[in-house]
Amino acid sequence: MFCVPSTEIGAIMNITKGGLVLFSANSNSSCMELSKRIAEDVNTTIMELLIMVYACKTSCAKSIIGVIPYFPYSKQCKMRKRGSIVSKLLASMMCKAGLTHLITMDLHQKEIQGFFNIPVDNLRASPFLLQYIQEEIPDYRNAVIVAKSPASAKRQAFVERLRLGIAVIHGEAQDAESDMVDGRHSPPTAKNVAAIHPSLEIPMLIPKEKPPITVVGDVGGRIAIIVDDIIDDVDSFLAAAETLKERGAYKIFVMATHGLLSSDAPRLIEESAIDEVVVTNTIPHEIQKLQCPKIKTVDISMILSEAIRRIHNGESMSYLFRNIGLDD
């Protein structure tokens, strides 16, 4: 039994000849598309998924496989100061509700799989994005893959598979992931904290001072392709695009698996130096595409349907992970 989350209780049940039952909610047209896709309000989606999974469990379903192309709260996967690890909580809730298997795509950190005590298949969108580059960017051989921060430079699958050069943006405009604000505020600000006893001499860390922004690598007269897993708040992408333009890049593409594109992201992209933003349909973004023609979509439903078919028939999943290394 496969559960695909959506926005309201009320679901469509599709029964195949092989006995496979696919549930998907029918609250709006976006949900009907990708089996039929993930909901707009993430917290409502999570609650609905948990209720659907628990209903299947109490109805004695033999197995319950969750199909969650974009795993919510995936950026909150490590301890920052004294904040909570929300993705760990979410994994525990799903397992407790009765999930027996999870299909997802491009987790923000692969270590999130360890939060689950059930099998997790973390599929990759890179083959579809690589195909887009080869088919839709005629002069892609003159491109360079750009990491918008040193931390992103570890994603070198595009560099190795397309046999292109790499450039890294480094400097004051980039925030380390550990410094990013993600809604978790702990400990409280200094004015609310009791004074430390004068007899305690706790050494303080020296404040960070980032060097002036610079680009490591040659982008002059070339196409710059910024690769990341999630594009939500676009400020860092816009700053990277401006820097690349100043360094001589004549076209700038942004490639990401999950296009959240929240708030006024479409407008900012439309007014920016970015020529095109390419994302997959793990999250519906039809409204954003109407606001910004620069946003393009790559369909990944084929690999999700194949994963469902293989699990249901008891076939090996290794075919879907062929040629994928540890660093991908």
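## Burial and the chain as a whole

A residue is called buried when its relative accessible area is under 20%, and exposed when that area is over 50%. Ala240 has a relative accessibility of 0% and therefore counts as buried.

The structure described here is a predicted model. Its protein chain contains eight helices and 13 strands. Of the 328 residues in the protein chain, 47% are buried. Contacts between residues at least 6 apart in sequence can also be sorted by separation: 64% of them join residues at least 24 apart.

## Helix 5 and its surroundings

Ala240 is located in helix 5. This helix covers residues 235–246, and its 12 residues should span 16 Å at 1.5 Å a residue; the C-alpha atoms at its ends are 17 Å apart, which agrees. The buried residues of helix 5 are Phe237, Leu238, Ala240, Ala241, Thr243 and Leu244. In an α-helix there are 3.6 residues a turn, so residues three or four places apart point the same way.

What do the buried residues of helix 5 pack against? They meet strand 7 (143–147), strand 8 (165–170), strand 9 (214–216), strand 10 (223–231), strand 11 (251–259) and helix 6 (265–270). For Ala240 itself, the contacts beyond its neighbours within four places in sequence are Lys148, Ile169 and Ile226. The C-alpha atoms of Ala240 and Val146 are separated by 9.1 Å, although the two residues are 94 residues apart along the chain. Just after helix 5, Gly248 has a positive phi of about 105 degrees.

## Met255 in strand 11

Strand 11 contains Met255. The relative accessible area of Met255 is 0%, so Met255 is buried. With neighbours within four places in sequence left aside, Met255 is in contact with Leu129, Tyr132, Ile133, Ile225, Ile226, Val227, Asp228 and Val278. Ile226 also appears among the contacts of Ala240. Measured in sequence terms, Met255 and Ile231 are 24 residues apart; from C-alpha to C-alpha they are 8.7 Å apart in space.

## Helix 1 against helix 2

Helix 1 (residues 42–58) packs with helix 2 (residues 86–97) at an angle of about 25 degrees, and their axes are 8 Å apart. Angles under 35 degrees count as roughly parallel, and helix 1 and helix 2 are therefore roughly parallel to each other.

Which residues form this contact? From helix 1 come Ile46, Leu49, Leu50, Val53, Tyr54 and Lys57, and from helix 2 come Leu90, Met93, Met94, Lys96 and Ala97. Sorted by class, the contact holds nine nonpolar residues, no polar residues and two charged residues.

Ser87 is also placed in helix 2. Its relative accessibility is 0%, so Ser87 counts as buried. Beyond neighbours within four places in sequence, Ser87 is in contact with Phe71, Tyr73, Ser74, Gln76, Cys77, Ile112 and Phe115.

## The aromatic pair

A pair of aromatic rings is described by the distance of the centres and the angle of the planes. How many aromatic pairs does a search of the whole structure find? The search finds one. Its members are Phe71 and Phe116, whose ring centres are 5.6 Å apart and whose planes stand at 70 degrees; planes over 60 degrees apart count as edge-to-face, so the pair is edge-to-face.

The pair links distant parts of the chain, 45 residues apart. Phe71 lies in the loop between strand 4 (65–68) and helix 2, whereas Phe116 lies in the loop between strand 5 (101–105) and strand 6 (120–123). Both rings belong to buried residues: the relative accessible area is 1% for Phe71 and 9% for Phe116. Phe71 is also one of the contacts of Ser87.

## Positive phi in two loops

Most residues other than glycine have a negative phi. Asp106 is not a glycine, yet has a positive phi of about 45 degrees. Asp106 is found in the loop between strand 5 and strand 6. Is Asp106 buried or exposed? At 15% relative accessibility, Asp106 counts as buried.

Ser263 is likewise a residue other than glycine with a positive phi, near 55 degrees. Ser263 lies in the loop between strand 11 and helix 6. With a relative accessible area of 69%, Ser263 is exposed.

Notes:
Residues numbered from 1 in each chain as written. Predicted model: local features only at pLDDT ≥ 70, side-chain atom pairs only at ≥ 80, totals over all residues. Heavy atoms only, no water. Axes fitted to C-alpha atoms, helices over the stretch in contact; angles between N-to-C directions. Helix = DSSP H or I, 4+ residues; strand = E, 2+ residues; numbered from the N terminus. Parallel < 35°, antiparallel > 145°, perpendicular 65-115°, else oblique. Contact = heavy atoms within 4.5 Å. Nonpolar A, V, L, I, M, F, W, Y, C, P; charged D, E, K, R; others polar. Expected span 1.5 Å × (residues − 1). Buried < 20%, exposed > 50% of the residue type's maximum accessible area, 1.4 Å probe, protein only. Phe/Tyr/Trp six-rings, centres within 6.5 Å; stacked < 30°, edge-to-face > 60°.
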